[in-house]
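Colleague: I've got a model open and I'd like to talk it through with you. Can we start with what you mean by your burial words?

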Amino acid sequence: QNRALRESKEGLEQRVAERTGELEERNEALRHNSAQLLAANTELDAFAYSVSHDLRAPLRSIDGFSQVLLEDYAAQLGEAGQDSLRRVRAATQRMGILIDDLLKLARVTRAEIRAEPVDLSDLARDIAAELQRATPERLVEFAIAPHLKAQGDPRLLRVVLDNLLRNSWKYTAKQARPRIEFGSVEENGGRAFMVRDNGAGFDMKYADKLFGVFQRLHSAAEFEGTGIGLATVRRIINRHGGRIWAEGAVDQGATFYFTL
Ligand SMILES: Nc1ncnc2c1ncn2[C@@H]1O[C@H](COP(=O)(O)OP(=O)(O)O)[C@@H](O)[C@H]1O
Ligand SMILES: [Mg+2]
């Protein structure tokens, strides 16, 4: 009986050793893969950064010379010619915004994350005031919970709240009584912050898509935009070790939750 026990123990030990070896091999392969992925990502970001950067100069000159034509050659151009040039200018300005947004996205990955106490409520109030100042004719009710504090990079967390609140501002434009809320909720024993509005909302079927670069659920004719904002937001949240998700329904508003 003793012998049988010893043999089975040895057999077990042998199998454990084999499995440990296998796991170590797999771990090594995973480490290798993730190092490669990181390198590819960094390269891609550097690429996006320089492309965006170099696109700016020619764009400025297209816009600048179009303006010169409009100002100095208006008579020769006639109404139709002027209209075409105005469209050229509008398009270059849209492209300028796109480039700026891409640069911001690339910058987020390169930025060092500083962790310090941040009052998110203060940030939210600041941004709300800024939105209201830029479009004073819009009447939007803001409900901002006080003293919501977090640990993170103040500059990047401002980018997060700026994007979320700006989206709520934009997607409530067609709502008769727009309301935007910033607060927090219990989430798995922890706390999640949330930005909620009663605007256009979206179909939950596409809830994951929202955070992809260039992914937009609304057409530019309906609501203008580049589809880069939420991708930037998700990157910032991920770099803080947090999570972001969204809930919504068409014409029933949207809620964006994030943890830090
Ligand atoms: N508050 C919101 N309400 C409804 N839809 C939203 C809201 N925020 C974002 N979305 C949807 O998610 C898409 C991606 O958002 P974002 O990356 O900020 O791009 P953009 O604002 O430039 O369209 C938007 O095009 C829109 O369809
Ligand atoms: Mg946006």
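Modeller: Sure: a residue is buried when its relative accessible area is under 20%, exposed when that is over 50%, and partly exposed in between. Keep in mind that this is a predicted model.

Colleague: Okay, so is Phe214 buried, partly exposed or exposed?
Modeller: Phe214 sits in the loop between β5 and α5. Its relative accessibility is 48%. The middle class runs between 20% and 50%, so Phe214 counts as partly exposed.

Colleague: And what is the phi of Phe214?
Modeller: Most residues other than glycine have a negative phi. Phe214 isn't a glycine, yet its phi is positive, at about 70 degrees.

Colleague: Which residue in the loop between β6 and β7 should I look at for a positive phi?
Modeller: That loop holds a residue other than glycine with a phi near 65 degrees. Its relative accessible area is 60%, so it is exposed. The residue is Asp251.

Colleague: Let's go inside. Which helix gives the most to the largest nonpolar core?
Modeller: That core has 37 residues, and Leu120, Leu161, Leu165, Phe182, Phe256 and Phe258 touch the most other members. Elements that each supply at least two residues include α3 (120-134), α4 (154-171) and β4 (179-187). With 7 residues, the top contributor is α4.

Colleague: Which residues of β5 does Phe182 touch?
Modeller: Leaving out residues up to four places away in sequence, Phe182 touches Leu120, Ser121 and Ala124, among others. Its partners also include Ala143, Ile144, Ala145, Leu148 and Leu161. β5 covers 190-197, and the partners there are Phe193, Met194 and Val195.

Colleague: How far apart are the end C-alpha atoms of α3?
Modeller: α3 has 15 residues, and at 1.5 Å a residue they should span 21 Å. The model agrees with that, as the end C-alpha atoms are apart by 21 Å.

Colleague: Within what arc do the buried residues of α3 fall?
Modeller: The buried ones are Leu120, Ser121, Leu123, Ala124, Ile127, Ala128 and Leu131. Seen down the axis of α3, they line one face of the helix, because they fall within an arc of 155 degrees.

Colleague: Which residue caps the N-terminal end of α3?
Modeller: Look for a side-chain oxygen 3.0 Å from the backbone nitrogen of Ser121. The residue that supplies that oxygen is Asp119.

Colleague: Now the ligand. Which residue has a polar side-chain atom 2.9 Å from an oxygen atom of ligand 1?
Modeller: Ligand 1 is surrounded by 20 residues, the closest being Arg216, His218, Thr226, Gly227 and Leu230. Thr226 uses a backbone N or O atom, 2.8 Å from a ligand oxygen, and Gly229 has a polar backbone atom 3.2 Å from one. The side-chain contact you're after comes from Lys170.

Colleague: Last one: which backbone oxygen does the side chain of Thr232 reach?
Modeller: Thr232 is in helix α5, and at 5% relative accessibility it counts as buried. Leaving aside neighbours within four places in sequence, Thr232 is in contact with Lys104, Leu105, Val108 and Val159. At 2.9 Å, its side chain reaches the backbone oxygen of Ile228.

Definitions and conventions: Residues numbered from 1 in each chain as written. Chains lettered and ligands numbered in written order. Predicted model: local features only at pLDDT ≥ 70, side-chain atom pairs only at ≥ 80, totals over all residues. Heavy atoms only, no water. Core = buried A, V, L, I, M, F, W, Y, C linked by side-chain atoms within 4.5 Å. Buried < 20%, exposed > 50% of the residue type's maximum accessible area, 1.4 Å probe, protein only. Helix = DSSP H or I, 4+ residues; strand = E, 2+ residues; numbered from the N terminus. Contact = heavy atoms within 4.5 Å. Expected span 1.5 Å × (residues − 1). Arc of directions from axis to C-beta. Polar contact = N/O pair within 3.5 Å; in protein donor to acceptor, adjacent residues only side chain to side chain. Near = heavy atom within 4 Å.
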